[in-house]
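Thanks for coming. I will go through one model this morning, starting at the end of one loop and working outwards from there.

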Amino acid sequence: MRLKSILMTSLAFVLAITPANADPLVYIVNGSQQFGTVDLATGAFQQIGPAQPEAGSFGLAIAPNGSLVTFAYSSNLYSINPSTGAPALVGPMGLDDCAMVSSPCGPTSASTLGNFAGKIFATDFQNSLYEVNSVTGVATLIGPTGIPGIPFIPGSANPDGTFNLYDQAIFGSGGNLYETFDAFVFDFNTFSIGTVVDPALYQIDPLTGVATLVGPTDLGIGAVTGVNGVYYAFNDLANQITSLNLANGNTSFVSNFARLPA
């Protein structure tokens with residue numbers, strides 16, 4: 001869920017780190033810019049290291065050198081040491097800046113990233129697909145996915161007092177690349193939601209970027225990861241972890257996770 005100054009928790013892409021004979025753990029960056037782990041069985045969060053240096057952290061993927069990478073509103077790519085949580089600037093992705101109210105927030109602003117088959121992939125506000133160089137940070141366009149683009153500047157306010165929000169996750173499973181996406185308006189006074197782009201699961205061809213609809217899914221999915229053949233979705237609206245069926249987009253409840261102040 002992409003926000004600028006909204007008090008809700010968003011989660012970056014999550015990556016399994018399950019030790020033997022223990023509850024499954026995954027890495028996250030939460031809405032407070034804290035890096036750490038979440039226990040999938042209980043939803044408990046454990047912080048590792050300092051807060052991340054820039055506003056926004058969207059997507060979390062593993063680089064070939066074993067570090068994790070994520071990006072900020074500015075579209076700068078950062079690496080995170082998984083043992084210490086220490087961040088380090090990798091470089092600009094070459095996509096639009098969306099860090100400030102005065103930022104362009106153009107159609108090629110970075111939206112999210114994830115990894116598949118040893119590569120890092122990212123999307124922009126148009127839902128075009130890119131491959132990201134984990135050494136330089138540079139994103140290279142592959143092509144449009146055909147998935148609806150983000151129809152507004154994320155986190156912006158409407159005249160009626162509602163805010164424009166979206167959720168997105170990109171991840172790999174087996175020989176396939178997947179994405180979940182939705183867009184909606186949210187009223188923080190009444191907690192009412194108006195869906196703008198229906199939530200859905202898509203399969204993407206990583207060579208061309210072209211996406212195929214798999215099926216409808218839950219509104220609010222901001223991160224997905226696989227552990228032992230099960231794909232877990234983090235629902236930022238419901239504060240729930242669910243299992244995601246990649247054949248049809250259906251979900252089943254697993255646990256709740258705690259919302260932390262943003």
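**A loop, two sheets and a core**

I begin with Phe191, which sits in the loop between E14 and E15. What is the sign of phi at Phe191? It is positive, near 60 degrees, in a residue other than glycine. Is Phe191 buried or exposed? Its relative accessibility is 58%, so Phe191 counts as exposed, the cut-off being over 50%.

Before going further, a word on confidence. This is a predicted model. The average pLDDT of the protein is 86, and 88% of the residues score at least 70. Residues 1-11 have a pLDDT below 50, and this stretch makes 56 contacts in the model beyond near neighbours in sequence. Where pLDDT is low, the predicted coordinates should not be read in detail. I will leave those contacts at that.

Back to the two strands on either side of the Phe191 loop. E14 and E15 belong to an open sheet of four strands, in the order E13-E14-E15-E16, with antiparallel pairing. Which strands stand at the edges? They are E13, residues 163-173, and E16, residues 211-216; each has a single partner strand, so one side of each is left without a neighbour in the sheet. On average, neighbouring strands here are turned by 25 degrees against each other, direction ignored. E15 covers residues 193-204 and pairs with E16 over five bridges, in the antiparallel sense. For one register point, take Ala200, whose bridge partner in E16 is Pro216.

This sheet also leads to the largest nonpolar core, which has 19 residues. Within that core, Leu177, Phe181 and Ile204 have the most contacts. Three elements give two or more residues to the core: E13, E14 (residues 176-186) and E15. Which of them gives the most? That is E15, with four residues. If you want one residue to click on, take Leu177. Leaving aside residues up to four places away in sequence, Leu177 touches Phe116, Phe121, Leu129, Ile170, Phe171, Gly172, Tyr202, Gln203, Ile204 and Pro206. Another core, of 16 residues, lies apart from this one, and includes Phe58, Met93, Leu95 and Leu113.

The next sheet along is also open. Its four strands run in the order E17-E18-E19-E20, and the pairing is antiparallel. E17 (221-227) and E20 (251-256) are the edge strands; each has a single partner strand, so one side of each lacks a neighbour in the sheet. The average turn between neighbouring strands in this sheet is 30 degrees, direction ignored. In the middle of that order, E18 (residues 230-235) and E19 (residues 240-244) pair over four bridges in the antiparallel sense. Tyr232 has Ser243 in E19 as its bridge partner.

Now to the N-terminal strands, with E3 as the reference. How many of the six residues of E3 are buried? Six of the six are, so this strand, residues 34-39, is largely enclosed by the rest of the structure. E3 has E2, residues 25-29, as an antiparallel partner over five bridges. E3 also pairs with E4, residues 45-51, in the antiparallel sense, over four bridges. Thr37 is a useful marker for both pairings: Thr37 is the bridge partner of Tyr27, and stands opposite Gln46 in E4.

Both connections have a residue with positive phi. The hairpin of E2 and E3 has four residues between the strands, and there Gln33 has a phi near 65 degrees. In the hairpin of E3 and E4, with five residues between the strands, Gly43 has a positive phi near 80 degrees. Gly43 has a relative accessibility of 5%, so it counts as buried, the limit being under 20%. Which residue, 196 places away along the chain, has its C-alpha atom 9.2 Å from that of Gly43? It is Asn239.

One more backbone case, to set beside Phe191. Cys105 is not a glycine, yet has a positive phi of about 50 degrees. Cys105 lies in the loop between E8 (87-92) and E9 (110-116). Its relative accessible area is 9%, so Cys105 is buried, whereas Phe191, where I started, counts as exposed.

That is what I have; I can take questions now.

Key: Residues numbered from 1 in each chain as written. Predicted model: local features only at pLDDT ≥ 70, side-chain atom pairs only at ≥ 80, totals over all residues. Heavy atoms only, no water. pLDDT = per-residue confidence, 0-100. Contact = heavy atoms within 4.5 Å. Pairing = 2+ DSSP bridges. Axes fitted to C-alpha atoms, helices over the stretch in contact; angles between N-to-C directions. Core = buried A, V, L, I, M, F, W, Y, C linked by side-chain atoms within 4.5 Å. Buried < 20%, exposed > 50% of the residue type's maximum accessible area, 1.4 Å probe, protein only.
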